[in-house]
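Reader: I'm new to this one and would like a close look at a single part. Could you walk me through the disulfide and what surrounds it?

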Amino acid sequence: MHEVGETGAAAVLLHRAAAGDQQAWRELVDRNAPVVWGVSRAFSANAADAEDICQATWLLLAENLERLRDPESLSAWLVTTARRESLRLHRARQRESPVGLDAEALVGAEHAEAPEHKVLRAWTSSRLAQSFAELPQRCQQLLRVLAVAPEASYAQVSEALGWPRGTIGPKKSRCLAELRRRMLASDVPEEVAG
């Protein structure tokens, strides 16, 4: 019996999903979710925006199932769509000016942590955030994808970011080493550094 290849299976799933087969739709989403999430997270500042990008990407796929010209390139279509949605959301966020209460002011007393733990956590988080923000943009994108989709293969990460597959491992090592170096450098007290 002849087995359908990976790309042929994607075409069959797309055809079945377009015909209303919910199981086929779930399988399409399950197969491609790590790539869509990885792209969304790589190009967004926070998880909430990444979730919005994912939802928009899946909605656009649902709306365009019957119009896809090349079902074998579904993964590439999803990557491109997620990137475009990321850019669209980024432009929309730049036009916003948030107004309202500070989220920490809404935390009840029963959820309060010890002051010394709060200070230590804030200090460590700010050091990590500052060190991360100082990394080159490509390192930030790669580390975001790897952090939010650790189960993604290097092939999926490569496709999500549009980088050659063989560069993912070495680039990951260099980016993590640089982040570690920056974290350790930020740990030097001012008296010693000055």
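Author: Here is a look at the disulfide, followed by a helix packing that shares one of its helices. A quick note first: this is a predicted model, where local features need pLDDT of at least 70, side-chain atom pairs count only at pLDDT 80 or more, and totals for chains, interfaces and linings use all residues. Residues are numbered from 1 along each chain as its sequence is written, and side-chain values use heavy atoms, with hydrogens and water left out.

The structure has one disulfide, meaning a pair of cysteine sulfur atoms within 2.5 Å. Its partners are Cys139 and Cys175, with sulfur atoms 2.1 Å apart. The torsion about their S-S bond is about -80°, so this disulfide is left-handed. The pair ties together distant parts of the chain, 36 residues apart: Cys139 sits in helix H6 (residues 137-148) and Cys175 in helix H8. Helices here are DSSP runs (H or I, at least four residues), numbered from the N terminus. Both cysteines, Cys139 and Cys175, are buried, that is, under 20% relative accessible area with a 1.4 Å probe, protein chains only.

Now follow H8 (residues 168-185) to helix H7 (residues 154-161): they pack at about 80°, with axes 10 Å apart. Axes are lines fitted to C-alpha atoms over the stretch in contact, and angles run from 0 to 180 degrees between N-to-C directions. So H7 is roughly perpendicular to H8, a label for angles of 65 to 115 degrees. Tyr154, Val157 and Ser158 of H7 meet Ile168, Gly169 and Lys172 of H8, where contact means heavy atoms within 4.5 Å.

Notes:
Helices (H or I, at least four residues) and strands (E, at least two) are DSSP runs, numbered from the N terminus. Angles under 35 degrees count as roughly parallel, over 145 as roughly antiparallel, 65 to 115 as roughly perpendicular and the rest as oblique. Buried means under 20% relative accessible area, exposed over 50%, partly exposed in between (1.4 Å probe, protein chains only).
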